[in-house]
There are 2 protein chains.
Amino acid sequence: MQAAEKERGLSIKEVSQKFGISQDTLRYYEKVGMIPPVTRTAGGIRSYGPADQSWVSLATCMRGAGLPVEVMCEYVKLYRQGDATIRERLQLLIDQRDALMNRKKQIEATLKRLNFKIARYEIAAETGSLPPLSEEDRKRFDP
Amino acid sequence: MQAAEKERGLSIKEVSQKFGISQDTLRYYEKVGMIPPVTRTAGGIRSYGPADQSWVSLATCMRGAGLPVEVMCEYVKLYRQGDATIRERLQLLIDQRDALMNRKKQIEATLKRLNFKIARYEIAAETGSLPPLSEEDRKRFDP
DNA sequence: ATACTATCTGGAGTCAGCTCCAAGTCAAGG
DNA sequence: CCTTGACTTGGAGCTGACTCCAGATAGTAT
């Protein structure tokens, strides 16, 4: 009776555990169109097949990197319109890649600054007070 | 009359332009304690001296990288308590560095995924439809 | 059939981080 | 002194992304 008649999908609970995101969030993503409608059982219960899981995977990946929900919605919308939107989707992906690369640069700059401060604080933790900064250092990194 | 009697600070407008953040946001940062109280003129108008600007610089840098306002508030609070909090501040900085490094990793993973998709879409833009993915590819990168 | 748990829906609530507003002050020019 | 425009405050409002809830339904074990 539980043999593979059709592909067995995962329940929302299982998907929630697999991707580390709440059931509420999964329903929310679907509601706002960040992923396409998930496969349902006859009774209307979500059963995430491989394709559904792929979308969840993509959505959590993009959100995890901080891309807006709205952008994923747009991508899904275009995707569902078929091959005619391939160029648009490509452009969207490129735009988001650019955005992420900028974001990464920002983070790298901030990491540099943090590392500089940490180095000073490691000395300070020994001596009990912060060493004064040189003029040049003050020009790039401050308090 | 406008000779250097004391250091001339920048107006909120100038600081706003210099750092590319709104005057409202500058006041907000100060209000919530994300930067220490800014120097004022006799009349109560903000006049950002070098130290004030340094704090703004730090705040915008950290916020730009996505660190929470609350964390900067904590840092400022500790800073204002003096040398006794040096170890705590060091720990805070280290924690935030770790958080940022994770964030950076997430972004790098997402960039990989985006690049993979973009490569497929560039082919698709030529041929008019997406090439099917190999089984192995599907296992890491999907829709 | 009964009990019990998992899932469903629509809609309201929450939180962070700004952003806007009104009513009032300050400062410089005429 | 008067006007004009930048600046002040406290507080309300907004947006994005969830998060929670109540009441209804589905599936499962007894």
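Turning chain A by 180°, with 0.0 Å of shift along the rotation axis, superposes it on chain B with an RMSD of 0.1 Å (the fit is by least squares on the C-alpha atoms of residues with pLDDT of at least 70 in both copies). The two copies are thus related as by a two-fold rotation axis. Within chain A, Lys104(A) has the C-alpha nearest that axis, at 3.1 Å. This is a predicted model, in which local features need pLDDT of at least 70 and side-chain atom pairs count only at pLDDT 80 or more, while totals for chains, interfaces and linings use all residues. Residues are numbered from 1 along each chain as its sequence is written, chains are lettered from A and ligands numbered from 1 in the order in which they are written, and side-chain values use heavy atoms, with hydrogens and water left out.

**Where the two chains meet**

- The copies meet through the same surface, because 100% of the interface residues of chain A are also interface residues in chain B.
- Helix 5 (residues 86-127) of chain A packs against helix 3 (residues 50-64) of chain B at an angle of about 130°, with their axes 8 Å apart (axes are lines fitted to C-alpha atoms, for helices over the stretch in contact, and angles run from 0 to 180 degrees between N-to-C directions; helices are DSSP runs of H or I with at least four residues, numbered from the N terminus).
- That makes this pair oblique (angles under 35 degrees count as roughly parallel, over 145 as roughly antiparallel, 65 to 115 as roughly perpendicular and the rest as oblique).
- On the helix 5 side of chain A, the contact (heavy atoms within 4.5 Å) includes Arg103(A), Thr110(A) and Leu114(A), and on the helix 3 side of chain B it includes Ser57(B), Cys61(B) and Gly64(B).
- By class, this contact has four nonpolar, five polar and three charged residues (Ala, Val, Leu, Ile, Met, Phe, Trp, Tyr, Cys and Pro count as nonpolar, Asp, Glu, Lys and Arg as charged, and the others, Gly among them, as polar).

**Inside chain A**

- Helix 1 (residues 12-19) of chain A and helix 3 of chain A pack at about 40°, with axes 11 Å apart, and are therefore oblique to each other.
- Val15(A), Lys18(A) and Phe19(A) of helix 1 meet Gln53(A), Val56(A), Ser57(A) and Thr60(A) of helix 3 in chain A.
- Three nonpolar, three polar and one charged residues make up that contact.

**Inside chain B**

- Helix 5 (residues 86-127) of chain B has 42 residues, which should span 62 Å at 1.5 Å a residue, and its end C-alpha atoms agree with this at 61 Å apart (the expected span is 1.5 Å times one less than the number of residues).
- Just after helix 5 of chain B comes Gly128(B), with a positive phi of about 95°.
- Helix 4 (residues 69-80) of chain B crosses helix 5 of chain B at roughly 160°, and their axes come within 10 Å, which means that the two are roughly antiparallel.
- Among the residues in this contact are Tyr75(B) and Leu78(B) of helix 4 and Leu92(B) and Gln96(B) of helix 5 in chain B.
- The contact of helix 4 with helix 5 in chain B divides into six nonpolar, one polar and three charged residues.
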